[in-house]
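Good morning, and thank you for the time. I would like to walk through one structure today, beginning with a single buried residue and ending with the ligand.

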Amino acid sequence: MVTEDSLEQVHQKFLNAKSAQGAWREVPLQKKLQAVKKFSDLVEDRKEKLAKILTEEMGKPITQSRNELNGLKGRIDFFLENTEKTLYPETVFSEEKKLEEVITHEPLGVISNISAWNYPYFVGSNVFIPALLTGNTVLYKPSEFATLTGLAIADLLHEAGVPKDVFIPVVGAGKTGQYLLQQKLNGIFFTGSYATGKKISEMAAPQLMKVQLELGGKDPVYVCEDVDVASAAAGTADGAMYNTGQSCCSVERIYVQEKIYLKFLDAFVETVKGFSMGDPMDEKTYIGRLTRGELQIEVLEKQVQDALSKGAKLLTGGKRAQRKGGAFFEPTVFSDVNHTMELMREESFGPIIGIQKVASDEQALALMNDTEYGLTASVYCKDPERARKILEKVHAGSAYWNCCDRVSPRLPWSGRGHSGIGSTLSKLGILTFTQPKAWHRRYPT
Ligand code: TXE
């Protein structure tokens with residue numbers, strides 16, 4: 001039984017994190033790196049147990065929980081290999097024995113990470129690993145849909161040698177998140193919905209703290225007429241339905257050149273019909289239960305009704321599925337959709353997709369950009385120049401050619417518009433937890 005933190009408890013945790021920060025900053029980077037490496041090793045050792053906790057808690061199919069835990073090592077290795085060189089002082093001007101100008105990087109101080117449930121290991125570690133390595137103390141609030149996973153992460157970090165007051169878990173839902181924002185934090189790093197991200201920005205504004213938001217998306221894919229249809233359909237169907245469609249960069253809408261539209265629909269539906277749905281603990285399951293349960297069923301049913309009422313054609317699925325142990329939704333594919341439909345405009349975050357026919361690259365680009373969001377966008381075609389011309393005009397933080405639903409620790413993860421502010425991952429995702437200091441060093445004459 002886990003109890004939510006009260007305002008007083010959150011405040012005490014903040015005071016503890018604040019008084020621990022000075023000493024943590026002074027801990028040599030090599031020791032911090034050792035602790036993070038140990039954490040990574042502990043995750044590896046306990047992988048099976050951690051995968052089960054994650055699957056039981058949020059309904060992610062067990063093979064996908066294992067994938068997430070396997071992928072964590074690559075993320076952490078990036079930070080282990082790149083933090084020291086990224087933080088290295090940079091001399092930008094030097095006149096021998098006269099003047100030197102140098103940039104160094106200092107920690108922000110006490111930061112809070114309000115995290116999401118869909119990839120707790122990935123979206124969490126994107127923040128707390130570089131935050132800790134750069135000398136910040138962290139108040140970490142896992143999502144209320146992934147509390148046990150969050151507490152397991154905290155235990156492992158502590159076991160690995162990160163002091164308890166340096167990484168402090170905070171337990172609760174939205175109200176607890178608001179308690180965190182009432183503290184004198186130096187930064188808030190949030191992953192979640194646009195609606196909550198906006199509220200967090202508003203609450204944080206008077207304190208002038210650093211605000212970084214990694215929000216959702218309505219990520220488009222454009223499939224050109226020269227692709228191998230079966231492989232493009234298989235790749236994009238996986239991009240749309242993996243993690244039961246609950247990824248920040250899930251494919252949420254697809255535009256297909258008219259010449260291959262019908263062929264693509266057939267191949268896509270055939271792939272989707274092959275996805276097995278059911279008990280997330282079953283190794284064969286590809287589509288699990290919806291983590292937010294009835295809340296998400298409501299969103300999906302509304303999008304289905306709206307699409308049907310506006311003339312979309314339902315090719316498969318379209319309703320809740322009767323399965324034991326939670327809320328399930330049949331993998332759903334619509335054709336004949338357009339941008340008057342919520343399905344093509346609002347984040348679905350479930351196993352549902354609309355596929356629209358287009359006549360030209362220009363039309364595809366206009367539709368791809370017809371959104372408030374801007375996380376990722378993808379073009380499937382043979383010619384890299386054609387893809388580049390489209391992708392450089394797309395309002396999105398990540399551009400994919402012949403791939404989708406992909407994150408690399410070496411590249412910045414950032415959104416445009418309602419998809420967020422700031423970057424995690426890459427060098428930028430290390431520096432974001434620091435503030436620069438400008439050194440003007442004049443030698444005595
Ligand atoms: O998100 P919330 P939820 C999207 C997706 C999903 C929808 C709702 O569309 O269906 O958001 O999911 C904390 N002050 N994404 O309810 O509400 C909350 O406790 C401070 C996309 O999970 O944004 C949790 O820890 N904190 C996204 C975190 O915010 C508050 C991943 C996220 O909750 C708060 C998740 C408040 N007022 C959902 N209210 C992605 N980028 O992948 C809530 N919280």
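Let me begin with a term: a residue is called buried when its relative accessible area is under 20%, and exposed when that figure is over 50%. Please also keep in mind that what you see is a predicted model.

With that cut-off, consider S398. Its relative accessible area is 12%, and therefore S398 counts as buried. The residue belongs to strand β16, which spans residues 398-401. Which residues does S398 contact, once neighbours within four places in sequence are left aside? They are L375, T376, A377, P412 and W413.

Two further buried residues deserve attention for their backbone geometry. N243 has a phi near 55°, a positive value in a residue that is not glycine. N243 sits in the loop that links α9 (229-241) to β9 (251-257). With a relative accessible area of 0%, N243 is buried. The second case is L425, another residue other than glycine with positive phi, here near 60°. L425 is placed in the loop between β19 (423-424) and α14 (428-431). L425 also has a relative accessible area of 0%, so it is classed as buried.

I turn now to the nonpolar interior. The largest nonpolar core comprises 89 residues, and those with the most contacts inside it are F39, F167, V223, I254, F264 and F268. Helix α5, residues 120-133, is the greatest contributor to this core, supplying nine residues. Both domain 1 (7-215 + 415-442) and domain 2 (219-401) provide at least three residues each to this core.

I254 illustrates the packing. Not counting residues up to four places away in sequence, I254 touches V221, V223, T236, F264, F268, I353, G354, I355 and Q356. Apart from this core there is another, of 30 residues, which includes Y255, I297, V358 and A364.

Finally, the ligand. How many residues surround it? There are 27, and the closest are W117, K141, E144, S193 and E347. For those of you setting up interaction analyses, here are three polar distances to oxygen atoms of the ligand. A side-chain N or O atom of E347 is 2.7 Å from a ligand oxygen. At S115, a polar backbone atom lies 2.8 Å from an oxygen atom of the ligand. For Q296, a polar side-chain atom is 3.1 Å from a ligand oxygen. On its own the ligand has 810 Å² of accessible area, and the protein covers 91% of that.

Thank you; I would welcome your comments.

Technical notes. Residues are numbered from 1 along each chain as its sequence is written. This is a predicted model: local features need pLDDT of at least 70, side-chain atom pairs count only at pLDDT 80 or more; totals for chains, interfaces and linings use all residues. Side-chain values use heavy atoms; hydrogens and water are left out. A nonpolar core is a set of buried Ala, Val, Leu, Ile, Met, Phe, Trp, Tyr and Cys residues joined through side-chain atoms within 4.5 Å. Buried means under 20% relative accessible area, exposed over 50%, partly exposed in between (1.4 Å probe, protein chains only). Helices (H or I, at least four residues) and strands (E, at least two) are DSSP runs, numbered from the N terminus. Domain bounds come from an automatic or database domain assignment. Contact means heavy atoms within 4.5 Å. A residue is near a molecule or strand if one of its heavy atoms lies within 4 Å of it. A polar contact is a pair of N or O atoms within 3.5 Å; within protein, one must be able to donate a hydrogen and the other to accept it, and residues adjacent in sequence count only if both atoms are side-chain atoms. Accessible areas come from the Shrake-Rupley method with a 1.4 Å probe; for residues, only the protein chains shown count as cover.
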